[in-house]
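Let's take a walk through this structure together, one piece at a time. Have the sequence and the 3D view handy as you read.

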Amino acid sequence: MTHRMKRREFLTIPAAAIGGTLLYTLGGEAFRLQAQGNKQDGNIQVPLRFFTAEEARVVSAACARIFPSDSNGPGATEAAVVIYIDRQLAGPYGRDKYRYTKGPFIESLPEHGYQGKENPREIYRAGVQALGNFAALSLADQDAKLVSIEQSSFFRLLRTHTIEGMFADPMHGGNAGLIGWQLIGFPGPQMSYRNEIDKHFGQPFRPKPASLQQIMRRTGQPWEDEKT
Amino acid sequence: MTNLKPVDVAIIGGGWTGLAMANELAGRTSQSVLVLERGIPRKTADYALDMDELDYAIRLRMMQNIADETITHRHSARATAVPVRQYGSFLPGSGVGGAGEHWNGASWRFLPELFTLRSHLNQKHGAAKLPADLAVQDWGVTYGDLEPHYWHAEQMLGVSGKAGNLKGKTVAGGNPFEAPRQNEYPLPPLKDAYLSTLFAEGAKKLGYHPYPQPAANLSETYRNPDGITRAACSYCGYCERFGCMVGAKAQPSNTLMPLLARRKNFELRTGAWVRRIVHRDGHATGVEYVDARGEEFFQPAGVVVVATFTLNNTRLLYLSKIGTPYDPASGKGALGRNLTHQTDGTTPIFFDKPLNSFMGTGALSMRISDFDGDRALNGSEGLLRMGMLGTNSFGNRPIASFDALPRGSVKRNWGSEWKAAALKWRDRNAGIYLSGEHLSYRQNFMDLDPAYKDKYGDPLLRFTLDWTEHEHRQRAFANQIARKIAPAMGATVDDTQPPRGKYNAINYQSTHIQGGAIMGDKPDSSVVNRYLQHWDVPNVWVIGASAFPQNPSHNPTLTVLALTYWAADAIVNRYLKHPEALA
């Protein structure tokens, strides 16, 4: 085995873009960075675990077209979805520790799902490379590019992961500041609705969202974060 | 291979079946009872931190790691099977408690006629009129045999529900079409979610008979006959695919393990992956297993109880060369036959009001049985059997529930237009769900795959399974009924028609997989006799939904437990006194 020396890569996010706070995990501990005042230039530097800085910019731009920030509220950029995807790919999921990966590999029917040999890390690496200078394109050109890859394994993963990164518990790196849950009025994990389940009929009941860490004081590493 | 000290009874699998059997045998006899579970230990405290949709419901933390073992699937015997590489149309559990930890809690008794379905269909239609490929069989037991065991299981779990048929008398509020019960449910029904009340109102307007699904999620604090006290359900919405953090959902870890932990003649060994049942001259001598470190053991045992999930019950018999494999061409041989799943289908419905659907619990459902069995069929539908319909309020979590839109409402499934529609409908969509009987057919079966192996190099189980015209018709019929109910409950429906496609091995349906080691009254057409005892090797008992000759539309767990108690009675009262074939 040879170990490739890897220079630590960072994604620079304008603090204003992520609406106040960013919650992510690093080295086994949860860090909460106040966006304002963290850096004098108003940017946050997030260390990347899988993507290079250039790859992260491409993925971030693509996620922003899948789940845009628009008149209907914040999107993938504000939720820091790219950080969620980076963490997933760095962990056991990215290396297919939870998929049957023995051969022979035979292309089959859609009813049998993805049968390929490539793991999510490999699919992303190739998929991002094929997007080339995506981040520099106009929004219209970006959309056209995504339309052209809509049927690919890469795009299917990217779309699925974007939704996950919007709405998973923030300990996984996305849903920064619970922005995804605020957007849809989901309260996060709550201990009990025993006194609420049979009330509020036909009316929106929207308790203030809380993360698992906030309600349980969970500080351990999430399961996805395998020590490397 | 290390030879271990013999035990009287070795039970393979530490889920509902294995642990309920262990508790009966260890509690009622002085036999030494060993449960071999290949997963990890589990306890209620493990679930205190589990309200994480990604980890549990998407990455499926509680399931068997599919990287280690999966099944292969093909639609017909002419096709080449490929592995199911990611879950999946069903979700087999792992660890102590098995799927009984992450289940929803639906706790049904089956209709009496289901236990004698072949006789019932022959009588109703005439044997000559039934499809040639229909493999439906009688079970060899009757509802009357199982009724006391159903009651035992309901009390142990603490089932919340409302009887509709008490000793033949119809009771308001329950299911008037259910099998006659001798007792009211141990607990009153769960509270109704908003969606439940809407469905009930709509169904009543059409003259149907809505009732709450019987649930092993406690509606009130409950002390069961074993002296186990558990707290009432909090409707937190983290039930299916999760373990219950307050113990309100009955799980082996909170009902059976506390009893077993006190029994001196009981031992649980986790991380023990059984690969073979060893037998000679029609008698099992024990089991071979590999522990978590890869060390191999031979565990001698007087009785072997196979109590894993349907899949591995069947596979272990194949790998151990016990019984005659089924041959679909000749129809001979019993091992692997009568593979069924369930005919389910959902008609999406949409509301102009929010449902607050993040609140709920595993078995919180409103149902109608007006079309269950064949009571409402007149022959013009081309159907032999139907099933139940209703709504589910399991607790919608944000990732999985985000993307439900009326069909055709957006051009593509990403971008601003899609986001706007997804936000609009997120808490205003539901479904009218069909749980239909999936009949058994000659061409649907299980055997060993010739190409793909598990992590120890043993062949994977292979499914040969596809839908027939009967299942397509069931879904179409249910969809017609749902389209009448939806407007009556204040909802709209889009133009979605039920899919007529092939069996999909990837999209989750239910974890109700039946058959492979079916019970019956003849050794040439069943693997185990009416007591779940193997016909060829009488000191091997094979228990679980693997014994169901066909799928009964209702969720299987309560019947699996009732069969376990029925088999335990046969072992304790008869077999241990005279160890021989009981039928």
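**Starting inside a sheet**

Find B:Leu389 first: it stands opposite B:Leu434, which belongs to E18(B). Keep in mind as you look around that this is a predicted model. The two strands to picture here are E17 (residues 387–392) and E18 (residues 429–436) of chain B, which run antiparallel and are joined by 4 bridges. Zoom out a little and you'll see that they belong to an open sheet of 6 strands in chain B, in the order E8-E16-E17-E18-E15-E21, with antiparallel pairing. At the edges sit strand E8 (211–212) and strand E21 (492–493) of chain B, each pairing on one side only.

Now step back to chain B as a whole. The domain assignment splits it into domain 1 (1–42 + 92–158 + 250–341 + 508–583) and domain 2 (163–246 + 343–401 + 428–436 + 478–501). Where they touch, domain 1 of chain B brings 43 residues and domain 2 of chain B brings 46 residues. Taken over C-alpha atoms, the centres of these two domains are 28 Å apart.

How much area do domain 1 of chain B and domain 2 of chain B bury between them? It comes to about 3400 Å², with 51% of it on carbon and sulfur atoms. On the domain 1 side, B:Asn104, B:Trp108 and B:Gly158 lose the most area to domain 2 of chain B, together 20% of what that side buries. There's charge pairing across this interface too, with 3 salt bridges found, and 21 residue pairs are in polar contact. As for which element gives the most to the domain 1 side, that's H5(B), with 7 residues. That side has 20 nonpolar, 17 polar and 6 charged residues.

Chain B also has a partner, chain A. Their contact takes 66 residues from chain B and 73 residues from chain A. About 6000 Å² is buried between the two chains, and carbon and sulfur atoms give 61% of that. Look for B:Arg59, B:Arg85 and B:Trp414, the residues of chain B that lose the most area to chain A, together 15% of what that side buries.

The chains share 6 salt bridges. For a nice one to zoom in on, try A:Arg206 and B:Asp427, whose side chains meet in a salt bridge at 3.0 Å, N to O. Polar contacts between the chains come to 36 residue pairs. On the chain B side, H10(B) gives the most, with 5 residues, and the residues there divide into 34 nonpolar, 15 polar and 17 charged.

Notes:
Residues numbered from 1 in each chain as written. Chains lettered and ligands numbered in written order. Predicted model: local features only at pLDDT ≥ 70, side-chain atom pairs only at ≥ 80, totals over all residues. Heavy atoms only, no water. Domains from an automatic or database assignment. Contact = heavy atoms within 4.5 Å. Buried area = accessible area lost by both parts, 1.4 Å probe. Salt bridge = Lys/Arg side-chain N within 4 Å of Asp/Glu carboxyl O. Polar contact = N/O pair within 3.5 Å; in protein donor to acceptor, adjacent residues only side chain to side chain. Nonpolar A, V, L, I, M, F, W, Y, C, P; charged D, E, K, R; others polar. Pairing = 2+ DSSP bridges.
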